[in-house]
Amino acid sequence: MEHIIKNGFVYDPLNEVDGEKMDICIKDGKIVDSVSADANVIDATGKIVMPGGVDPHAHVAGAKVNVGRMYRPEDSKKDVEAAATGGRAGSGFSVPSTFMTGQRYAQMGYTTVMEAAMPPLLARHTHEEFHDTPIIDHAAFPLFGNNWFVMEYLKEGDVDGCAAYASWLLKATKGYTIKIVNPGGTEAWAWGGNVHGIHDPSPYFDIEAAEIIKGLAQVNEMLGLPHPIHLHCNDLGHPGNYETTLASFDVPKGIKVNAKTGSRDAVLYATHVQFHSYGGTSWRDVVSEAPTIANYVNKNDHIVMDIGQVTLDETTTMTADGPMEFDLHSLNGLKWANCDVELETGSGVVPFIYAARAPVPALQWAVGMELFLLTEDAKKVCLTTDSPNAGPFTRYPRVISWLMSNRARTDLMEGELHKWAQRKSSIATIDREYSFLEIAQVTRATPAKVLGLSDTKGHLGAGADADVAIYNFNPEIQNPSADYRALEAAFQHASLVLKDGIPVVKEGVVVNPTLRGRTYWVDTMLDETVYNEVVADVEKQFKQFYSVNFANYPVQDSYLPHSTPVKGVIQ
Amino acid sequence: MITLKPKEQPEVPLEVENVTPDAFAGKTVDEIKALPIWHGNGTVPLSDFFEVEGEAGATAAETQIIIDGDVPQTKRIGSGMTAGEITVKGNVSMYVGVGMKGGKITVEGNAKSWAGQDMSGGELTIMGNTGDYVGSSYRGDWRGMSGGLITVYGDAGNEAAEYMNGGKIVIKGDVSIMPGIHMNNGLLIIEGNVIARTGGEMAGGTIVVKGVIDEFLAGFKYHGVEKDIEVDGETIPGAFYKFTGDYAIKGANGTVYAAVAGNSHIAP
Amino acid sequence: MNVILNTGRTVWQGQAIESGKDLKMYVDAAAICHMNREMMDAMGLKEGDNIQVVSNFGDVVVKVVNTKETLPEGMIFIPMGPWANRVIDPDTDSTATPRFKNIPVEIDSTDEEVLDMPTLLKVYRKYS
Amino acid sequence: MELVKNVVCPFCGTLCDDIICKVENDEIVGTINACRIGHSKFVHAEGAMRWKKPQIRDENGELVETTYDDAIEKAAQVLAASKRPLMYGWSCTECEAQAVGVDLAEQTKAIVDNTASVCHGPSVLALQDVGYPICTFGEVKNRADVVVYWGCNPMHAHPRHLSRHVFARGFFRERGRSDRTLIVVDPRESDSSKLADIHLQVGYNQDYELLDAMRAAMMGHEILYDEVAGIPREEIMEAVEALKNAQFGILFFGMGITHSRGKHRNIDTAIMMVQDLNNFAKFTLIPMRGHYNVTGFNQVATWESGYPYCIDFATGIPRYNPGETGANDVLQNKETDAMMVIASDPGAHFPQKSLRRMAEIPVIAIEPHRTPTTELADIILPPAIVGMETDGTAYRMEGVPIRMRKVVDSDLLSDREILQRLLKRVMEIKTASK
């Protein structure tokens with residue numbers, strides 16, 4: 001099947017296309033240079049054309065996501081949908097059911113989404129949910145930062161062993177990257193504690209966060225993984241944590257990029273940095289340190305970050321940072337779920353109300369905005385809300401409207417937003433507005449590139465997957481700054497979305513809800529001898545300390561009907 | 001005034017979110033007859049199960065609805081109504097007055113569970129008995145009834161005023177167990193007896209029990225006898241044991257008054 | 001005698017349901033009433049005698065066994081199953097879950113037979 | 001004889017995955033490691049009646065053997081004609097079949113409910129109100145020094161639970177049992193309480209009262225009465241101290257507390273006690289789920305619809321309210337007019353009032369054996385047994401997903417295949433009638 005998208009304003013940063021009117025040709029699910037005269041013509045006159053959106057960090061599938069759904073019927077009830085034709089019904093505002101998740105991403109023009117935290121023991125659960133999540137391509141990030149094997153190998157300085165273990169675990173869980181959450185802290189939480197800063201050793205294992213981060217960053221490059229280590233720093237959400245954040249950023253600096261796929265420049269991906277950019281010593285004297293963080297990012301090229309922008313909604317927080325969620329529960333008194341996962345990780349879930357009228361959420365909103373607007377190069381920034389932590393992904397269009405419209409921000413600040421936003425941050429003094437090219441950069445190009453997927457994702461050059469989003473907004477006639485509500489509406493419900501060349505959304509309505517996306521995972525092997533030794537050791541430990549048999553642990557291939565292995569180093 | 005005369009009622013229940021003054025206001029009788037209601041998993045026009053007569057007002061406030069008979073299989077009467085009046089001359093099923101914001105509902109018979117769930121204003125009066133969860137919150141929500149008045153002349157089941165956040169509930173008969181469970185604010189007056197767990201896990205608000213409490217919780221503190229207590233701007237005559245709690249909950253600040261008469265066994 | 005009926009799993013009942021609910025094994029494991037020795041003595045019952053259990057919700061005949069898991073005074077225990085469920089309180093208290101435990105019942109010795117599973121189910125009169 | 005290893009036991013929520021099946025001539029003739037109950041399921045007993053062909057009742061109430069096509073056609077007609085179908089059970093089958101089931105329920109605008117509504121449904125209601133701090137089994141084995149079983153009798157209901165997680169040696173508990181304090185709360189002197197260091201013999205129906213007193217005491221308040229739930233104040237204080245002094249505590253709880261007076265509120269206050277204990281100790285909990293995949297249904301239904309059980313698709317949008325939309329609610333209130341039962345036995349485990357309604361309406365049973373439910377069924381569709389004759393996913397009681405293994409072959413369709421065919425046929429009927 002051939003398509004030609006004609007006359008749209010194309011924004012494709014990876015190919016340096018900035019709003020030019022040009023045709024996009026599609027054949028057999030791929031972007032091509034030209035098509036025959038028989039191609040189906042899609043008229044995009046007066047509309048914006050972008051590659052399909054890429055979300056590098058969201059919580060959309062797996063154990064804790066489902067706890068978020070299960071234990072919040074009151075959240076499910078307030079946002080419900082009947083089935084699209086041929087599709088399925090669903091519910092959930094902050095944590096939508098799987099069908100709704102895939103459909104709503106597609107409606108916004110997103111075609112690739114990463115599940116940011118997968119407990120290895122529960123990996124099968126994540127893949128089962130992917131199976132029921134329509135349209136979007138996806139991958140999951142297994143958690144490494146509090147894993148007993150990782151801590152033991154790194155404590156002993158056995159980076160090769162750790163690398164072999166990592167390559168086994170990525171295969172066993174069908175995972176995509178090395179995810180690190182509050183390194184050492186979640187293990188401490190298994191005894192009810194936490195660690196603070198990067199030099200506070202974890203109990204028993206006696207290893208510092210800095211050692212874990214550094215060791216895993218080395219492992220990551222030894223294995224030639226497509227994505228750098230994906231780091232959720234220690235001390236999330238604590239006033240004064242920006243120092244820990246900066247110290248963490250410095251740890252992998254100097255390690256050389258060795259990606260076997262894609263073309264990333266970073267050795268560190270820092271996630272939801274908004275939650276890690278606070279000064280002060282308590283919630284009374286807290287201030288934004290976003291300018292300091294942005295300044296660091298401006299000056300260093302080994303790092304790419306996503307923001308975790310607060311959207312000022314009632315939402316559901318969920319993270320593998322177990323101790324942080326207990327702190328949050330102690331703070332707001334709302335229902336607390338937790339799951340400690342043997343030898344590996346933990347998690348917590350707590351509802352949170354980011355009320356615009358309340359001081360702290362207002363400041364958090366401002367911190368996120370400062371990070372977006374003070375980081376000079378959009379190539380270092382990804383747009384996220386750490387969905388659903390700082391707000392549900394369905395608010396991305398609103399975040400886009402805040403980025404493109406100083407007016408939108410001012411209207412909010414002069415309206416109901418608590419004055420802490422202005423008093424404790426510099427946001428009111430910033431008048432930068434993102435261009436459409438920069439929006440395409442932070443929602444497409446940067447995430448695709450840093451994920452190592454930019455061969456086929458995040459751009460509209462020949463060879464890319466034909467994932468295309470067309471929006472009803474005419475940059476020649478309409479001004480996004482002045483008309484920010486129309487902008488938000490346009491990005492909420494795309495005019496047309498193609499996934500692998502197949503129309504999945506037309507005028508905001510999902511038309512192909514049974515389509516299923518690829519599951520990316522990393523298949524890598526460094527040294528077979530070391531690998532076999534390590535696996536034998538792991539099997540021995542399993543018998544004694546795990547509660548499932550070694551043979552029943554790895555995720556079977558049948559869980560990935562659209563399995564897409566990304567090969568790393570194979571020897 | 002609009003009169004809905006029940007025709008033969010089905011076994012599989014009806015759901016009538018449309019039977020409110022808000023939905024009827026400004027409509028002709030024919031338009032009201034055609035309003036869709038749920039019968040099981042399909043919709044039918046209201047007139048399939050009700051004879052419709054009379055005239056609706058121009059606004060909700062000017063609209064009065066009379067359901068002239070028993071509708072024990074009809075759910076969600078008066079759902080979310082903001083003004084006007086509904087009178088039911090018989091029994092109703094679940095969720096009468098759910099999410100009610102204003103106006104008045106009177107049920108002359110009994111009402112099943114979840115009467116007045118999530119109510120924020122208006123008046124709901126049940127002349128007979130009601131089931132469980134009168135004036136409660138929806139599953140999982142820690143924010144329940146926030147305003148308005150519910151009066152039950154008969155008995156109520158379990159969990160009256162569950163997660164109540166404001167407003168007032170008066171139950172003139174007996175209740176089963178756990179009245180005021182997780183209550184945060186508001187006033188619950190029980191004129192009859194309670195079996196057990198009055199105010200379990202209450203963090204705030206006030207419960208007054210004029211009858212006998214069979215068993216009381218050990219997580220409360222006893223403060224002696226108070227006479228002619230004043231709650232919510234009104235004085236309730238008589239002598240009451242005063243308890244505060246439930247101290248199972250951190251920072252709890254709830255009050256339970258239990259009539260001295262008949263309750264000496266729960267005073268330590 | 002007025003007593004409190006408790007119900008629940010036993011390993012024998014579990015074994016029987018997985019072996020086959022049409023087997024005598026099931027009757028032996030679930031159509032029985034566990035009692036403390038004192039209660040049996042007070043009622044003049046010996047192991048293997050039949051008793052009728054009557055509640056506000058139904059009645060059933062089960063066989064007496066002397067329990068190895070001592071019950072609180074005034075309590076009897078019938079393993080979960082269609083016999084116990086003849087007499088438990090069906091009220092869900094608007095929570096979806098019936099009251100399976102702690103039901104006030106009256107028990108008496110009886111000459112009536114314990115019904116096997118298919119015969120017991122015939123009382124619902126779907127098929128005679 | 002062949003030995004098949006690493007088999008997962010399809011009986012209880014402990015989901016032991018270390019079973020070895022002895023197979024001869026494509027038949028399981030013995031097991032190693034399985035408990036008495038699991039063993040019974042694997043090997044079948046002599047004389048147990050298994051449906052080998054679909055059955056339909058004739059006008060005399062006699063079962064007549066028929067084909068899958070015929071039985072599925074009749075079942076599809078019943079479901080398509082119903083104004084409020086109920087699809088109940090789901091807990092003894094795999095997640096992939098459950099997923100087809102939720103789809104079928106949605107397409108037929110049915111109510112779909114699983115056996116949680118007669119076991120740990122109250123725990124679900126409680127966790128929805130106050131939260132759910134849990135851990136996986138390995139955490140218990142490796143770390144727990146205080147283990148509480150409240151209202152459950154694992155020696156009978158989950159026979160290998162204690163040996164696998166409490167008596168076993170763990171990383172930080174090298175001596176196993178002797179490194180742990182075992183507390184059992186039960187009105188009976190159960191076979192589990194006999195193993196305990198502390199047995200709190202709570203008065204029946206008084207769990208909430210005891211927990212309320214324990215929580216207040218934990219917060220530093222005086223307990224109002226000298227004795228609560230039959231237990232003296234001093235004994236309660238001792239128990240509270242034992243909990244507060246744990247390094248890693250775990251509360252397992254079962255039907256003794258979900259089925260007694262107050263139901264979900266007993267769990268609610270127990271959960272909050274565990275949460276508050278985390279201000280003193282590390283403390284978590286795990287519900288003692290019964291059927292091997294009761295948890296799986298709650299997971300599948302939640303990710304597909306947003307709700308774990310008691311889901312009402314009547315209006316085309318998922319709605320949820322146990323107490324209104326539970327199987328026993330809609331049977332007893334005579335709301336449902338047709339019922340499909342799968343992977344469970346309500347005939348054995350529902351109260352008589354619910355069974356009386358089942359006797360009034362058409363009942364379809366997808367069930368391998370002769371059971372009380374099939375006695376009440378009009379159409380019987382026999383499936384292959386998951387975990388023995390077909391594979392699929394199941395979730396352990398604390399949410400760990402495990403792949404059930406196929407050990408031997410069967411000529412019968414799997415639950416998944418039966419449901420897929422039913423779904424296809426129902427959709428054809430619905431489309432034709434539009």
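1. Is B:Val152 buried or exposed? B:Val152 counts as buried because its relative accessibility is 0%, where the cut-off for buried is under 20%. This is a predicted model, and the points below should be read on that footing.

2. B:Val152 sits in strand β11 (residues 149-152) of chain B. Leaving aside residues up to four places away in sequence, B:Val152 touches B:Ile126, B:Gly128, B:Thr130 and B:Val134. Its other contacts on that count are B:Val170, B:Ile171, B:Lys172 and B:Gly173. Take B:Ile126 from that list: B:Ile126 and B:Val152 are 26 residues apart along the chain, yet their C-alpha atoms are separated by 4.7 Å.

3. Staying in chain B, look at strand β16 (residues 206-209), which is covered on both faces. B:Thr206 and B:Val208 lie on one side, B:Ile207 and B:Val209 on the other, and all are buried. In a regular strand, side chains alternate between the two faces of the sheet.

4. β16(B) has parallel partners. Strand β14 (residues 187-190) of chain B pairs with β16(B) over four bridges, in the parallel sense. Here B:Leu187 is opposite B:Thr206. Strand β19 (residues 254-259) of chain B also pairs with β16(B) in the parallel sense, over four bridges. In that pairing B:Val208 faces B:Tyr257 of β19(B).

5. Chain A has an open sheet of five strands with parallel pairing. The order is β11-β12-β13-β16-β20. Its edge strands are β11 (179-181) and β20 (381-382) of chain A, each of which pairs on one side only. Within this chain, strand β12 (residues 229-232) and strand β13 (residues 268-270) make a parallel pair over three bridges. A:His230 stands opposite A:Tyr269 in β13(A).

6. Next, the interface of chains D and B. Contacts link 49 residues of chain D with 47 residues of chain B. The buried area between them is about 3,900 Å², and carbon and sulfur atoms give 47% of it. On the chain D side, D:Lys83, D:Leu224 and D:Tyr225 supply 17% of the area buried against chain B, more than any other three residues.

7. The largest pocket has a volume of about 1,200 Å³. It is lined by 42 residues, and those closest to its centre come from chains A and D: A:Gly87, A:Arg88, D:Asp103, D:Gln107 and D:Leu423. At least two lining residues each come from α3 (98-107) and α4 (123-131) of chain A, and from α3 (95-107), α12 and α17 (415-433) of chain D. α17(D) gives the most, with eight residues. By class the lining has 16 nonpolar, 13 polar and 13 charged residues.

8. On enclosed space: the structure holds twelve cavities of 30 Å³ or more. The second largest has about 330 Å³ of space. Its lining counts 33 residues, with A:Ala63, A:Val67, D:Tyr132, D:Ile134 and D:Gln299 closest to the centre. From chain A, the elements giving two or more lining residues are α1 (63-70), β9 (110-118), β18 (336-340) and β19 (348-353). From chain D they are α4 (121-130), β8 (131-135) and α12 (294-305). α1(A) gives the most to this lining, with five residues. The lining of the second largest cavity divides into 18 nonpolar, eleven polar and four charged residues.

Methods: Residues numbered from 1 in each chain as written. Chains lettered and ligands numbered in written order. Predicted model: local features only at pLDDT ≥ 70, side-chain atom pairs only at ≥ 80, totals over all residues. Heavy atoms only, no water. 1 Å grid on protein atoms, 1.4 Å probe; cavity = no way out; pocket = protein on both sides within 12 Å on 5 of 7 lines; lining within 4 Å. Points joined across faces, edges and corners; volume = space filled by probe spheres on them. Nonpolar A, V, L, I, M, F, W, Y, C, P; charged D, E, K, R; others polar. Buried < 20%, exposed > 50% of the residue type's maximum accessible area, 1.4 Å probe, protein only. Pairing = 2+ DSSP bridges. Contact = heavy atoms within 4.5 Å. Buried area = accessible area lost by both parts, 1.4 Å probe.
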